[in-house]
Amino acid sequence: MRLTSRADLQQARRFYSQALSQQTTKILVCAGTGCIAGGSLVIRDHLIELLKAKGQNVAVTLADEPHGPEISVKSSGCHGFCEMGPLVRIEPSGYLYIKVKPEDCAEIVEETVINGRHIPRLAYSFNEKIFPKQDEIPFYKQQTRLVLEHCGHIDATSVKEYLGLGGYSAFEKALFDLSPDDIIKELSDSGLRGRGGGGFPAGKKWAEVQRQKAKPKYVVCNGDEGDPGAFMDRSVMEGDPHRMLEGMLISGIACDASEAYIYVRAEYPMAVNRLKLAIEEATERGLLGDNILGSNFSFRIRINRGAGAFVCGEGSALTSSIEGKRGMPRVKPPRTAEKGLFGQPTVLNNVETFANVPEIINKGAKWHRSFGTANSAGTKAFALTGNIRNTGLIEVPMGSTLRTIIYDIGGGIPDDKDFKAVQIGGPSGGCLTKEHLDLPLDFDSLKKVGAMIGSGGLVVMDSETCMVEVARFFMNFIQSESCGKCVPCREGTKRMLMILERIVTGRGAIRDLDLLLELADTVSNTALCGLGKTAPNPVVSTIRNFRSEYEAHILERRCPGRVCAKMKRFSIEADKCKGCSKCAQACPSAAISGKVKEPFVIDLDKCVRCGACINACKFQAIQESW
Amino acid sequence: MSQEFTTQVLDEIIGAHHNSPSAVIAILQDIQERYHYIPKAAFTPLSRRVGVSEASIYSVVTFYENFSLEPKGRFIFKVCDGTACHVRKSMPILERLRKELALTSDQVTTPDLGFTVETVSCLGACGLAPVLTVNDKVYPAMTPNKVSALVAELKEELSHETN
């Protein structure tokens with residue numbers, strides 16, 4: 001079924017759209033990493049078996065020949081509501097069942113699929129209100145899903161389904177109706193900015209590559225999503241891979257490139273498999289390869305797996321890694337657009353950026369600008385994690401407030417705790433606090449308060465989080481991922497980590513704060529690449545927003561978040577203590593003293609906070625406090 | 001456990017990548033997949049076939065976290081210590097796992113090459129935190145007790161394999 005002309009492609013789209021309409025009931029079982037881990041594939045297989053046993057006409061893939069009505073069971077990409085997985089969505093009713101177990105399958109088949117009735121016990125409920133349909137659930141209702149439009153709604157492993165929903169029509173338009181200049185103008189006018197963190201205008205980048213005379217040129221997709229707490233790109237690669245391939249194809253036409261690479265991090269084996277399959281299917285159909293659809297445009301895509309180096313998310317390190325070398329950044333300029341992969345002009349964009357392109361070409365720049373803010377058009381996908389009720393994958397218009405995301409979509413903080421801060425932009429970003437809850441999230445507003453959107457990780461932290469420990473955690477991460485090429489990053493992050501370790505273990509001095517800020521200034525101004533330049537951000541932003549916590553650690557040896565083990569205080573309650581001396585014998589640092597048969601006391605200066613005395617005391621006389 | 005290293009296997013792997021110097025990382029990944037580590041004996045023949053110096057290959061192997069010059073275990077635990085898992089208490093899980101297998105941050109593989117325990121920055125399954133993987137299979141919402149049960153199960157499986 002190789003498509004060799006524009007008419008072939010249009011015919012295929014019509015055919016599969018027809019085939020989709022024959023599916024009277026669609027059962028979408030989430031096959032994202034999260035739900036698979038929860039056992040969703042067993043549920044899918046069980047549903048298929050049960051339907052067959054009931055004599056139903058069941059389809060697992062879209063048919064290639066005309067056929068009668070059928071019920072389809074599909075493995076979809078991530079629905080986003082990961083906290084509630086495994087998820088099963090039923091169309092056309094739009095019912096969403098959560099935390100589904102294999103033993104629920106018979107009831108789903110009998111009640112919902114055959115009799116069309118809803119099963120309230122499997123639905124999402126909040127404050128005793130049951131939400132039968134997916135679109136009514138507050139988590140989904142407040143979102144605007146453009147890039148994630150298909151994630152969870154189509155079979156992620158089928159090019160047929162993508163075609164049936166109008167797939168590759170933007171590519172078709174770009175190939176036959178638009179000139180490269182038209183494509184770039186549309187993209188520039190759309191205001192799309194790079195979604196990988198930098199926020200560089202995508203149209204400007206493509207234009208720069210287009211201007212270069214050197215040949216060949218390359219298209220590279222950055223799927224090295226390394227920020228801890230971010231999984232937007234993984235969900236696109238797993239849930240709607242063809243959308244991203246289509247975006248890459250369009251950039252190939254615009255910039256006159258015919259070779260492309262996707263760099264995927266090693267920790268995403270399923271994304272690699274889905275992409276491989278998508279590339280194979282697109283190649284079989286003649287949507288990749290030589291002389292695509294009878295034109296003189298050729299395009300091939302290869303996949304490179306990362307090997308575990310965070311710094312490879314940086315452009316020049318990533319291209320160096322594709323070349324088979326150590327992934328170390330180089331001095332810029334020249335930029336990747338001029339000298340990128342193999343020293344040639346290269347379009348390097350991230351997964352979400354490419355996935356935005358097809359709809360912009362289809363619906364136009366004006367449509368894209370109708371979402372978001374003036375300087376940050378469109379939507380942004382965020383991974384919502386940490387101490388929040390509804391963890392998962394969301395997409396909202398740029399300029400949405402944190403309050404909308406955390407309270408309306410995320411459902412607030414669990415266990416009646418208070419919101420304290422949210423870490424945005426991963427280890428290169430900063431933290432936002434209560435006073436920022438109504439700040440619009442877009443590229444420029446965040447920069448003003450010393451944070452950044454980054455790739456889109458949002459880690460929510462409740463009142464029992466220690467911000468000094470969070471800063472230490474990020475610095476530890478960056479320090480171990482520093483490639484070691486430039487001195488400011490290699491040495492600077494090491495010293496900053498040492499100081500932070502001193503503070504969380506109660507050995508800090510107040511001058512350490514100025515020293516940290518001074519080091520931060522030097523590292524961010526002199527490091528070679530983005531990793532180093534942004535490494536001090538979490539430290540600077542926690543000192544700015546939570547200075548009192550640092551001071552409590554340093555001046556009072558107290559951890560207000562009740563996290564740092566070395567800040568624990570042990571004391572002996574005099575009326576419970578029988579003076580048996582067991583605690584003093586157990587103490588490894590001779591911090592406990594007293595006369596036998598009289599209450600003992602603990603010398604906190606000598607105490608190493610090991611807790612051995614608590615275990616030794618038979619009278620529960622020793623108290624732990626913060 | 002991992003098989004004996006042979007140049008024939010190496011030749012197959014290199015051939016599949018068309019002897020290309022830019023495929024060094026992909027070739028090393030295939031070798032690692034096969035043997036669970038990069039045998040030292042692979043360096044000289046690999047260098048000759050793809051035309052990249054042994055020093056360069058060594059520099060690549062030591063740069064990337066995923067490559068190991070030491071043999072790894074049959075079951076490789078990767079405990080996620082990304083931000084989301086960290087705030088949902090992943091460290092007690094790691095501690096329990098190391099205790100169960102008598103491993104430390106320096107000694108990561110058991111002497112019988114049964115188990116390896118590593119940490120990883122983020123597996124991208126943050127919605128299910130805390131998570132760990134065993135040979136790429138994801139185990140969600142872990143607790144120290146669940147880890148102990150899992151280790152017991154895998155030890156059982158290992159004893160069947162070796163018998």
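**Two chains and how they fit together**

In chain B, the centres of domain 1 and domain 2, taken over C-alpha atoms, sit 29 Å from each other. These two domains cover residues 7-63 and 75-162 of chain B. Everything described here comes from a predicted model. Chain B has seven helices and four strands. Read from the N terminus, its elements go α-α-α-α-β-α-α-β-β-β-α, so to speak a run of helices with strands mixed in further along. The C-alpha trace of chain B stretches over about 50 × 40 × 25 Å along its principal axes. Of its 163 residues, 41% are buried. Looking at contacts in chain B with a separation of 6 or more, 66% are between residues 24 or more positions apart.

Chain A contains 25 helices and 20 strands. Its radius of gyration is 28 Å, close to the 25 Å from the globule rule for 626 residues, so chain A is as compact as a globular protein of that length. Its C-alpha atoms fill a box of roughly 95 × 65 × 40 Å along the principal axes. Buried residues account for 54% of chain A. Of the contacts in chain A between residues at least 6 apart in sequence, 71% link residues at least 24 apart. The chain splits into five pieces: domain 1 (19-134), domain 2 (159-369), domain 3 (379-462), domain 4 (467-555) and domain 5 (568-625). Between the C-alpha centres of domain 4 and domain 5 of chain A there are 36 Å.

What about the inside? Nonpolar side chains in soluble globular proteins tend to be buried together. In this model, the largest nonpolar core holds 230 residues, and V220(A), I250(A), V422(A) and V131(B) have the most contacts inside it. Helix α18 of chain A, residues 467-481, gives the most to this core, with nine residues. On the chain B side, V131(B) has plenty of company: setting aside residues up to four places away in sequence, V131(B) touches C80(B), C85(B), L123(B), A125(B), V138(B), Y139(B), P140(B) and M142(B). There is also a second, separate core of eleven residues, including C587(A), I592(A), C613(A) and A621(A).

V422(A), one of the residues with the most contacts in the largest core, has L432(A) in β15(A) as its bridge partner. The strands involved are β14 (residues 419-424) and β15 (residues 430-433) of chain A, which run antiparallel and are joined by four bridges. Five residues lie between the strands of this hairpin, and G425(A) takes a positive phi near 85 degrees there.

C466(A) is found in the loop between β16 (457-462) and α18 of chain A. Is C466(A) buried or exposed? With 24 C-beta neighbours inside 10 Å, C466(A) counts as buried, since the cut-off for a buried residue is 20 or more. Apart from neighbours within four places in sequence, C466(A) is in contact with E549(A), C559(A), G561(A), V563(A) and C564(A). R389(A), on the other hand, is 77 residues from C466(A) in sequence and 20 Å from it in space, C-alpha to C-alpha.

The two chains also meet. Their contact takes 39 residues from chain A and 32 residues from chain B. On the chain B side, α2 (24-35), α4 (54-63), α5 (83-87) and β4 (137-139) each supply at least two residues. The largest share there is that of α5(B), with four residues. Sorted by class, this side of chain B has 20 nonpolar, ten polar and two charged residues.

A few backbone oddities round off the picture. The peptide bond from G85(A) to P86(A) is cis, with omega near -5 degrees, and P86(A) lies in the loop between β3 (70-76) and β4 (88-91) of chain A. The bond from E91(A) to P92(A) is cis too, with omega near 10 degrees; P92(A) is in the loop between β4 and β5 (95-97) of chain A. F342(A) is not a glycine, yet it has a positive phi of about 50 degrees. It sits in the loop between α13 (315-322) and β11 (346-350) of chain A and is partly exposed, with 13 other C-beta atoms within 10 Å. In chain B, L113(B) has a positive phi near 60 degrees, again in a residue other than glycine. L113(B) belongs to the loop between α6 (91-101) and β2 (115-120) of chain B, and its 17 C-beta neighbours inside 10 Å make it partly exposed.

Definitions and conventions: Residues numbered from 1 in each chain as written. Chains lettered and ligands numbered in written order. Predicted model: local features only at pLDDT ≥ 70, side-chain atom pairs only at ≥ 80, totals over all residues. Rg over C-alpha atoms; globule rule 2.2 N^0.38 Å. Buried ≥ 20, exposed ≤ 12 C-beta atoms within 10 Å, placed from the backbone. Contact = placed C-beta atoms within 7 Å. Core = buried A, V, L, I, M, F, W, Y, C linked by C-beta atoms within 7 Å. Domains from an automatic or database assignment. Pairing = 2+ DSSP bridges. Nonpolar A, V, L, I, M, F, W, Y, C, P; charged D, E, K, R; others polar.
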